[in-house]
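Q: Please take a close look at how the helices pack against one another in this model. I would welcome one connected account of the contacts and of the nonpolar core.

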Amino acid sequence: MSPFNKKLDVQNEKNKEVKEQILKAGKSLFSSRGYNGTTVRQICDEANVSLALVSYHFGGKENVFNALFEPLRHTFMNANYDLNDSLDSLKSFCRNFVLYRTNEHELIDILQQEIVMNSPRLEMLKDVFLPSWEQLRAILVACKEQKIIDFESIDIAINFVMGTLMFSFNNPFLNRSSFDTTPEYIADLAVSFVLDGLKTKK
């Protein structure tokens with residue numbers, strides 16, 4: 001490898017680390033303070049980088065915010081479920097969502113804030129959350145057609161199920177006692193809760 005290419009690789013790695021620092025800081029601040037309560041200066045301070053670096057890599061706060069959701073976009077858009085086995089697909093969808101929600105609780109917290117506030121950024125985020133809602137709808141419709149579930153309204157069922165899956169156990173205000181459990185166990189409980197609520201034929 002030439003000295004030039006080696007130097008370029010070092011610079012690219014450094015740029016990658018800086019971008020990750022900025023995104024990590026942005027995720028933490030947007031989650032705890034909301035979009036409007038977070039400034040670029042606060043992101044810089046949290047990431048321990050200069051203002052110029054945020055501008056260079058992202059161009060501003062909105063692009064930092066948008067970049068945070070790229071992994072979530074790919075996760076939901078690339079998920080495939082076999083509708084011929086709708087019950088197993090329903091279980092897998094619920095389990096996968098809860099595990100993702102537990103591992104990326106700050107990201108889902110931000111998304112919840114944006115949905116509740118009906119923020120002007122929702123249009124930009126629709127490709128983040130709509131694929132999962134559409135996947136769930138397709139699964140529930142298949143379950144209904146295959147007589148796996150006995151629930152009158154698919155629309156209401158989607159809202160109930162997503163409300164269950166998006167609930168956070170990381171909020172100390174709502175959860176006054178500590179949970180000595182694992183994400184996998186929480187996912188199993190969520191799946192059972194959803195199946196019971198939909199009156200599934202397990």
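A: Angles under 35 degrees between helix axes count as roughly parallel. In this predicted model, the axes of helix H4 (residues 61–68) and helix H5 (residues 70–77) cross at roughly 30 degrees and come within 4 Å. H4 and H5 are therefore roughly parallel to each other. On the H4 side, Asn66, Ala67 and Leu68 make the contact, and on the H5 side Glu70, Pro71 and Arg73 do so. Sorted by class, the residues joining H4 with H5 comprise 3 nonpolar, 1 polar and 2 charged.

A second pair is formed by helix H6 (residues 86–103) and helix H9 (residues 154–166), whose axes come within 9 Å and cross at roughly 35 degrees. H6 contributes Phe93, Cys94, Phe97, Val98 and Arg101 to this contact, while H9 contributes Val161, Met162, Leu165 and Met166. Here the division is 8 nonpolar, no polar and 1 charged.

Leu165 of H9 also appears in the largest nonpolar core, which has 55 residues. The members that touch the most others in that core are Ile22, Phe69, Leu72, Leu90, Leu140, Leu165 and Leu198. For Leu140, the contacts beyond four places in sequence are Leu90, Ile149, Ile154, Ala157, Ile158 and Leu198. In soluble globular proteins, nonpolar side chains tend to be buried together.

Finally, an annotation from an unreviewed UniProt entry, "DNA-binding region", covers residues 39–58. That span is 75% helix and 0% strand, and its end C-alpha atoms lie 14 Å apart.

Conventions:
Residues are numbered from 1 along each chain as its sequence is written. This is a predicted model: local features need pLDDT of at least 70, side-chain atom pairs count only at pLDDT 80 or more; totals for chains, interfaces and linings use all residues. Side-chain values use heavy atoms; hydrogens and water are left out. Axes are lines fitted to C-alpha atoms, for helices over the stretch in contact, and angles run from 0 to 180 degrees between N-to-C directions. Helices (H or I, at least four residues) and strands (E, at least two) are DSSP runs, numbered from the N terminus. Contact means heavy atoms within 4.5 Å. Ala, Val, Leu, Ile, Met, Phe, Trp, Tyr, Cys and Pro count as nonpolar, Asp, Glu, Lys and Arg as charged, and the others, Gly among them, as polar. Angles under 35 degrees count as roughly parallel, over 145 as roughly antiparallel, 65 to 115 as roughly perpendicular and the rest as oblique. UniProt positions are given in the numbering used here, feature names are shortened, and annotations may be inferred rather than shown by experiment. A nonpolar core is a set of buried Ala, Val, Leu, Ile, Met, Phe, Trp, Tyr and Cys residues joined through side-chain atoms within 4.5 Å. Buried means under 20% relative accessible area, exposed over 50%, partly exposed in between (1.4 Å probe, protein chains only).
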